[in-house]
Amino acid sequence: GNSLQIVFGLLGDRGWGKLLVCLGILMAGAVSLLPYVDNHNYIIMGSLVLLTYLGSSAFHPVAAGISGNISKMRAGKVVAAFLSVGFIGYAVSQLLFIRIYRLTDGNTIIMFAFSVVVCIFLALFAPIAKKRKKSLKEVWDYTKGLRKPLILLYFIMVFSSSVHIGI
């Protein structure tokens, strides 16, 4: 999932931002449907987990851009808040899932309904950036000095996420 964020970020810059945010949220919410799947059907279970990772990967680059667009004067603070809230959500997600699962006797579709509501809200109100007209060559040239540290950072994130998820 993390390894495709670059691709989804480029698509977001090319005008697909609103679609990526909405589909990303809905796809990431697919994991809440796991209790409805036969637990012996590993293909469907694996597909839902993969869909969740792809949704997260589609959502995050565009959502980080949205958070930076909320306040141009405080873009760094808003993006930091976005990341902090995201990590808090990630940290409590399993506890929340178990709590909702127990409170609703396994009817976790309510979590997917929450994803639908968030998707609709963002589709209507999110300040998604306009489509950028730069070609891939222009982007490539513009990022020449940043490529080496960004590639290193990219692989560190992919590997650390892989180790974290693996554990």
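**Figure 1. Six helices and no strands: the whole protein.** The secondary structure of this protein comes to 6 helices and 0 strands. The model is predicted. Along the sequence, the pattern reads α-α-α-α-α-α. Taken along the principal axes, the C-alpha atoms fill a box of roughly 55 × 35 × 25 Å. The protein has 167 residues, and buried residues make up 22% of them. Many contacts reach far along the chain. Among contacts between residues at least 6 apart in sequence, 72% join residues at least 24 apart.

**Figure 2. Helix H1 packs with helix H4.** H1 covers residues 5-28, and H4 covers residues 109-125. Their axes lie 8 Å apart and make an angle of about 170°. An angle over 145 degrees counts as roughly antiparallel, so H1 and H4 are roughly antiparallel to each other. On the H1 side, the contact is made by Lys18, Val21, Cys22, Ile25 and Leu26. On the H4 side, these residues meet Phe112, Ser115, Val116, Val118, Cys119, Leu122 and Ala123. By class, the residues of this contact are 10 nonpolar, 1 polar and 1 charged.

**Figure 3. Leucine 124, an exposed residue of H4.** Leucine 124 sits in helix H4. Its relative accessible area is 60%. Exposed means over 50%, so leucine 124 is exposed. Look also for lysine 18. In sequence, leucine 124 and lysine 18 are 106 residues apart. In space, their C-alpha atoms are 9.4 Å apart. Lysine 18 is also one of the H1 residues that meet H4.

**Figure 4. Serine 32 in the loop between H1 and H2.** Serine 32 is placed in this loop. Serine 32 counts as buried because its relative accessibility is 3%, and buried means under 20%. A polar atom of its side chain lies 3.5 Å from the backbone nitrogen of phenylalanine 112. Neighbours within four places in sequence aside, serine 32 is in contact with Phe97, Thr108, Met111 and Phe112. Phe112 also belongs to the H4 side of the contact with H1.

**Figure 5. Threonine 108 in the loop between H3 and H4.** Helix H3 spans 75-103, and threonine 108 lies in the loop between H3 and H4. Its relative accessibility is 0%, so threonine 108 counts as buried. With neighbours within four places in sequence left aside, its contacts are Ser32, Pro35, Tyr36, Phe97 and Tyr101. Phe97 appears again here: it is among the contacts of serine 32 too.

**Figure 6. Phenylalanine 59 and phenylalanine 82, an aromatic pair across two helices.** The whole structure holds 4 aromatic pairs. One of them joins phenylalanine 59 and phenylalanine 82, with ring centres 6.4 Å apart and 45° between the planes. This pair is tilted. It links distant parts of the chain, with phenylalanine 59 in helix H2 (residues 42-70) and phenylalanine 82 in helix H3. The two residues are 23 apart in sequence. Phenylalanine 59 has 18% relative accessibility, so it counts as buried. Phenylalanine 82 has 22%, so it counts as partly exposed. The cut-off for buried is under 20%.

**Figure 7. Phenylalanine 121 and phenylalanine 125, an aromatic pair within H4.** This pair is tilted as well, with 5.2 Å centre to centre and 50° between the planes. Both residues lie in helix H4. They are 4 residues apart, about one turn of the helix. Phenylalanine 125 counts as exposed because its relative accessibility is 56%.

Terms used
Residues are numbered from 1 along each chain as its sequence is written. This is a predicted model: local features need pLDDT of at least 70, side-chain atom pairs count only at pLDDT 80 or more; totals for chains, interfaces and linings use all residues. Side-chain values use heavy atoms; hydrogens and water are left out. Axes are lines fitted to C-alpha atoms, for helices over the stretch in contact, and angles run from 0 to 180 degrees between N-to-C directions. Angles under 35 degrees count as roughly parallel, over 145 as roughly antiparallel, 65 to 115 as roughly perpendicular and the rest as oblique. Contact means heavy atoms within 4.5 Å. Ala, Val, Leu, Ile, Met, Phe, Trp, Tyr, Cys and Pro count as nonpolar, Asp, Glu, Lys and Arg as charged, and the others, Gly among them, as polar. Buried means under 20% relative accessible area, exposed over 50%, partly exposed in between (1.4 Å probe, protein chains only). Rings of Phe, Tyr and Trp (its six-membered ring) pair if their centres lie within 6.5 Å; planes under 30 degrees apart count as stacked, over 60 as edge-to-face and the rest as tilted. A polar contact is a pair of N or O atoms within 3.5 Å; within protein, one must be able to donate a hydrogen and the other to accept it, and residues adjacent in sequence count only if both atoms are side-chain atoms.
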